[in-house]
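Here are my notes on this structure for someone meeting it for the first time. Please read them with the sequence and the model side by side.

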Amino acid sequence: MSGIFLLEDDKNLNRGISMTLRKEGYSVFSAQSIAEAEKIIDEETFELAICDITLQDGSGMDIGRRIREKSSCYLMYLTAMDKEIDIVSGYDSGADDYMTKPFSLMVLVSKVNAIMNRIKGTKEKVLISGEFEIRTEEMQVYKNGEQINLSRKEYQLLRYLVDNAGHIVSKEKILEHIWEIDGQFIDDNTVTVNISRLKSRLETDCISNVRGLGYIWTEKVTGK
């Protein structure tokens, strides 16, 4: 059974999300405070973490950073903080996704199902592109033999670009493939911010912005 960690201090919302995800067949480790969250992080293993940011006893971003130090699991923030600077701060703390309140529980479940299916669908192979080696089974990326630590969302974005190497992919296609559905519930700056962060992490010019059209991975890709 796939594990999901949930940090939400609104008791009713926490219960609603937890019950819904359990009905979908997931094991949910639920916390309503920083103290409870820290205990779960130390004792449990999970593939997805969903964290509220504004908590009565602290910031969910602190928990997000702790999770990112220990794991490459998919990290999503739920929050009413919807300004651009808040979203950027969330991604800077290691988040893969950011969903603002109020939100549709059905949309959240659709996101979770898509995320978990994608995690399960990872195939065993190694992709080589210039100075990069992508080990898809472990979801690990190496540059000139040295590992680069990417968040799960950054890894997925890199894979999508690499899988479409030599072809321009639009912002809309990236939103559809990486952030589910049709981008309707995603901030317009999401793709730009994440592409910029990915290029910075990789320290590469292999990702090019084709003005008005989208992005392209310019390096040839082979497999082994």
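1. Start with helix 6. Helix 6 lies across strand 8 (126–129), strand 9 (132–135) and strand 10. Against strand 9, helix 6 runs at about 110°. Keep in mind throughout that this is a predicted model.

2. Next, the dimensions of that helix. Helix 6 covers residues 152–163, which is 12 residues. From its first C-alpha to its last it reaches 16 Å. That is close to the 16 Å expected at 1.5 Å a residue.

3. Is helix 6 largely enclosed or open to the outside? 11 of its 12 residues are buried, so helix 6 is largely enclosed by the rest of the structure. The buried set includes charged-letter entries you can look up in the sequence, among them R152, K153, E154 and R159. Y155, L157, L158, Y160, L161 and V162 are buried as well.

4. Now the sheet under that helix. It is an open sheet of five strands in the order 11-10-9-8-14, with antiparallel pairing. Strand 11 and strand 14 (222–223) stand at the edges. Each has a single partner strand, so one side of each is left without a neighbour in the sheet.

5. One pairing in this sheet can be followed residue by residue. Strand 10 and strand 11 pair in the antiparallel sense over three bridges. Y142 stands opposite Q147 in strand 11. The loop between strand 10 (140–143) and strand 11 (146–148) holds N144.

6. N144 deserves a look of its own. Its phi is near 50°, a positive value in a residue other than glycine. Most residues other than glycine have a negative phi. N144 is exposed, with a relative accessible area of 58%.

7. E203 makes a good companion case. Phi of E203 is also near 50°, again positive in a residue other than glycine. E203 is found in the loop between helix 8 (190–202) and strand 12 (207–210). Is E203 buried or exposed? At 64% relative accessibility, E203 counts as exposed.

8. Turn to the interior. The largest nonpolar core has 49 residues. Which of them touch the most other members? They are F5, I67 and L202. Helix 6 gives the most to this core, with six residues. Apart from it lies another core, of 20 residues, including L6, I17, M76 and L108.

9. L202 is worth inspecting up close. Leave aside its neighbours within four places in sequence. L202 is then in contact with F132, V141, K143, I148, L150, L158, I207 and W217.

10. There is another open sheet to find. This sheet has five strands in the order 2-1-3-6-7, with parallel pairing. Strand 2 (27–31) and strand 7 stand at its edges. Each has a single partner strand, so one side of each lacks a neighbour in the sheet. The twist averages 15° from one strand to the next.

11. Check one pairing here too. Strand 3 (residues 48–52) and strand 6 (residues 74–79) pair in the parallel sense over five bridges. The bridge partner of L48 in strand 6 is Y74.

12. Two helices pack on the parallel sheet. Helix 1 (residues 11–23) lies across strand 1 (3–7), strand 2, strand 3 and strand 6. Helix 1 runs at about 170° to strand 2. Helix 2 (residues 34–43) lies across strand 1 and strand 2. Its angle to strand 2 is about 140°.

13. A backbone point for the loop between strand 7 (97–100) and helix 5 (105–120): P102 lies there. A cis peptide bond joins K101 and P102, with omega at about -5°. Most peptide bonds are trans.

14. Finally, the cysteines. How many disulfides does the model have? The count comes to zero. The sulfur of C51 is 8.2 Å from the closest cysteine sulfur, in C73, and that is too far for a bond. The cut-off for a disulfide is 2.5 Å between the sulfur atoms. C51 is buried, with a relative accessible area of 0%. C73 also counts as buried, at 1% relative accessibility.

Notes: Residues numbered from 1 in each chain as written. Predicted model: local features only at pLDDT ≥ 70, side-chain atom pairs only at ≥ 80, totals over all residues. Heavy atoms only, no water. Helix = DSSP H or I, 4+ residues; strand = E, 2+ residues; numbered from the N terminus. Buried < 20%, exposed > 50% of the residue type's maximum accessible area, 1.4 Å probe, protein only. Expected span 1.5 Å × (residues − 1). Core = buried A, V, L, I, M, F, W, Y, C linked by side-chain atoms within 4.5 Å. Contact = heavy atoms within 4.5 Å. Pairing = 2+ DSSP bridges. Axes fitted to C-alpha atoms, helices over the stretch in contact; angles between N-to-C directions.
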